[in-house]
Amino acid sequence: MVLVAAVREYINRMLQDISGMKVLILDSHTVSFVSVVYSQSELLKKEVFLVELVDSISMSKESMSHLKAVYFLRPISENIQHMRRQLAKPRFGEYHLFFSNILKDTQLHMLADSDEHEVVQQLQEFYADFVALDPYHFTLNMAANHMYMLPAVVDPSALQQFCERVVDGISAVFLALKRRPIIRYSRTSDVAKRIAHEASKLMYQQESGLFDFRRTEVSPLLLIIDRRDDPVTPLLNQWTYQAMVHELMGIQDNKVNLKNVGKLPKDQQEVVLSSEQDAFFKANMYDNFGDIGMNIKKMVDDFQQVAKSNQNIQTIEDMAKFVDNYPEYRKMQGNVSKHVTLVTEMSKIVEERKLMLVSQTEQELACNGGQGAAFEAVTNLLNNDNISDIDRLRLVMLYALRYEKESPVQLMQLFNKLASRSPKYKPGLVQFLLKQAGVDKRTGDLYGNRDLLNIARNMARGLKGVENVYTQHQPLLFQTMENITRGRLRDVDYPYVGNHFQQARPQEVVIFIVGGTTYEESRSVALQNSTNSGIRFILGGSALLNSKRFLKDLEEAQRIARTSTNVV
């Protein structure tokens with residue numbers, strides 16, 4: 001409940017102390033922060049009768065002096081300008097201002113000067129400056145997520161904005177948790193190093209008073225790593241429920257858009273997938289696709305039993321009972337049709353794109369050696385007319401990441417084959433990926449073949465066999481968490497910032513991936529937390545990735561790198 005509970009608590013505090021009819025005014029960022037943890041009906045219970053965006057409120061002239069306005073905004077200059085204009089000509093009876101992060105003194109003075117009509121009742125900082133997707137997983141939804149791949153010289157001000165937003169998000173998480181961490185980062189990443197140093201400066205110098213919480217025996221750890229240390233995870237097809245929905249259909253702020261799926265009633269064209277609001281999803285979000293089908297069948301059977309008993313209305317008492325239970329019945333009906341629709345649609349996509357075939361080879365490339373067999377498997381799939389362009393590209397990328405040093409000749413053959421079979425993808429994109437995230441650039445042991453211990457572990461795993469060939473891959477993050485748990489995270493690979501060192505094993509760890517997280521990784525974190533190792537892990541990232549988004553970021557970075565004269 002950690003992150004979700006923290007943000008809910010802030011929203012409760014915003015709304016419950018202000019009695020009467022309210023309008024909640026958000027910006028394009030805070031609307032995501034609120035919507036993932038608070039439902040429309042819960043807002044109504046708090047007497048919020050209208051939710052508006054701050055820029056559209058600016059357009060309107062109509063007076064609403066009977067309403068109290070609760071603003072929840074990011075403290076960015078455009079929002080401060082909106083507020084100045086709106087306070088100059090107040091439309092609401094009262095103004096209650098809440099900002100999602102630290103306000104600068106100059107911004108405070110501007111707001112105070114603008115409040116000539118003295119309508120502002122309160123102004124507070126509530127540190128919910130992130131999207132709490134799940135209890136242990138947050139994202140920053142950054143549009144310019146590709147910036148992390150570009151050297152600072154390409155666009156210094158855009159990179160500065162990117163780093164500032166990440167530091168804002170990370171610092172808000174620690175302010176919400178009331179902790180100040182020891183900070184470490186991935187040695188080979190310039191952007192991780194920069195963010196780590198800027199976060200340290202904020203927490204230990206500029207705002208040290210704000211972060212001066214009651215000391216815990218052992219400080220928590222903030223570990224900042226780079227997506228390019230593990231480019232494999234976001235390229236793979238997924239076979240566990242939450243990750244698979246995002247890979248094949250896309251999840252945005254815990255919502256799935258189903259407008260393009262057949263003829264669905266209007267109220268089912270966008271569905272919510274939240275572990276907080278949907279018990280079936282919470283129980284099954286990390287299960288594999290085969291089990292989901294069985295569990296949905298059981299849910300449908302249970303629903304049919306309930307529906308049958310509802311048809312058997314004989315007496316007034318039966319009718320009253322049915323009316324009492326009707327909201328629950330409707331909810332159950334909506335839930336059943338939602339999950340049946342999702343699984344049916346995903347089954348179609350799996351069949352159309354022959355994903356079971358593709359995924360078997362992907363998993364082999366990610367988990368097992370054997371370059372000859374891998375080359376043959378990828379070549380066969382590139383020649384297969386049923387395989388889509390994007391799947392061909394991902395296969396070549398996975399092969400290139402694994403065997404870039406071992407088989408340059410065969411790699412060139414695959415590049416040429418990809419160019420002829422899927423002309424929309426130039427081999428340059430695969431080469432750009434290797435330049436970004438090839439073996440010489442990465443920290444950590446991505447394929448478990450650098451470190452003797454990992455080689456032994458992989459051999460043991462190979463001998464035991466795997467339960468499911470489609471879910472045998474484990475993200476690099478799994479190994480990182482294991483190293484932290486056993487006190488084996490090497491200082492040389494993950495240096496500390498400043499002179500703040502960890503004396504003992506931390507009990508709380510926030511791992512932030514610059515470049516974005518995947519649902520496969522958040523599943524790893526949830527499973528790790530359920531082992532009761534004595535350490536609680538939280539995962540965060542600049543964006544939420546599936547293979548489509550990862551490739552889009554890669555293409556955008558490549559486009560900018562090509563047009564820039566500053567890139568070596």
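The C-alpha centres of domain 2 and domain 3 lie 34 Å apart in this predicted model. Where do these two sit in the chain? The division runs as domain 1 (2–128), domain 2 (133–230 + 475–561), domain 3 (241–353) and domain 4 (368–463), so domain 2 is written as two stretches under the automatic or database assignment used here.

Now to the interface between domains 2 and 3. On the contact side, 13 residues of domain 2 touch 13 residues of domain 3. How much area do the two bury between them? About 1,100 Å², with 45% of it on carbon and sulfur atoms. As for salt bridges between domain 2 and domain 3, the count is zero.

Elsewhere there are plenty to look at: searching the whole structure turns up 27 salt bridges. Side chains of opposite charge can pair when their charged atoms come close. Here are some of the pairs, with the distance between N and O atoms.

| Pair | N to O distance |
|---|---|
| R353 and D391 | 2.8 Å |
| R549 and D553 | 3.1 Å |
| D230 and R227 | 3.7 Å |

Take R353 and D391 to begin with, a salt bridge with its closest N and O atoms 2.8 Å apart. This pair ties together distant parts of the chain, 38 residues apart: R353 is in the loop between α12 (316–352) and α13 (355–367), while D391 belongs to helix α15 (residues 389–403). Is D391 buried or exposed? D391 counts as buried because its relative accessibility is 0%, and the cut-off for buried is under 20%.

R549 and D553 make a salt bridge inside one helix, α21 (residues 547–563). They are separated by about one helical turn because they are four residues apart in α21. D553 is buried too, at a relative accessible area of 3%. Another group is a network: R74, D129, R165 and D168 are joined by salt bridges that share partners.

Then there is the pair D230 and R227, with the closest N and O atoms 3.7 Å apart. Both D230 and R227 are buried.

Finally, the sheet. Which order do its strands take? Six strands make an open sheet, running β6-β7-β13-β12-β9-β8, with mixed pairing. At the edges are β6 (131–134) and β8 (182–185), each pairing on one side only. Averaged with direction ignored, neighbouring strands of this sheet are turned by 25° against each other. At the β6 edge, β6 pairs with strand β7 (residues 137–139) in the antiparallel sense over three bridges. Within that pairing, A132 has F138 of β7 as its bridge partner.

Notes:
Residues numbered from 1 in each chain as written. Predicted model: local features only at pLDDT ≥ 70, side-chain atom pairs only at ≥ 80, totals over all residues. Heavy atoms only, no water. Salt bridge = Lys/Arg side-chain N within 4 Å of Asp/Glu carboxyl O. Buried < 20%, exposed > 50% of the residue type's maximum accessible area, 1.4 Å probe, protein only. Helix = DSSP H or I, 4+ residues; strand = E, 2+ residues; numbered from the N terminus. Pairing = 2+ DSSP bridges. Axes fitted to C-alpha atoms, helices over the stretch in contact; angles between N-to-C directions. Contact = heavy atoms within 4.5 Å. Buried area = accessible area lost by both parts, 1.4 Å probe.
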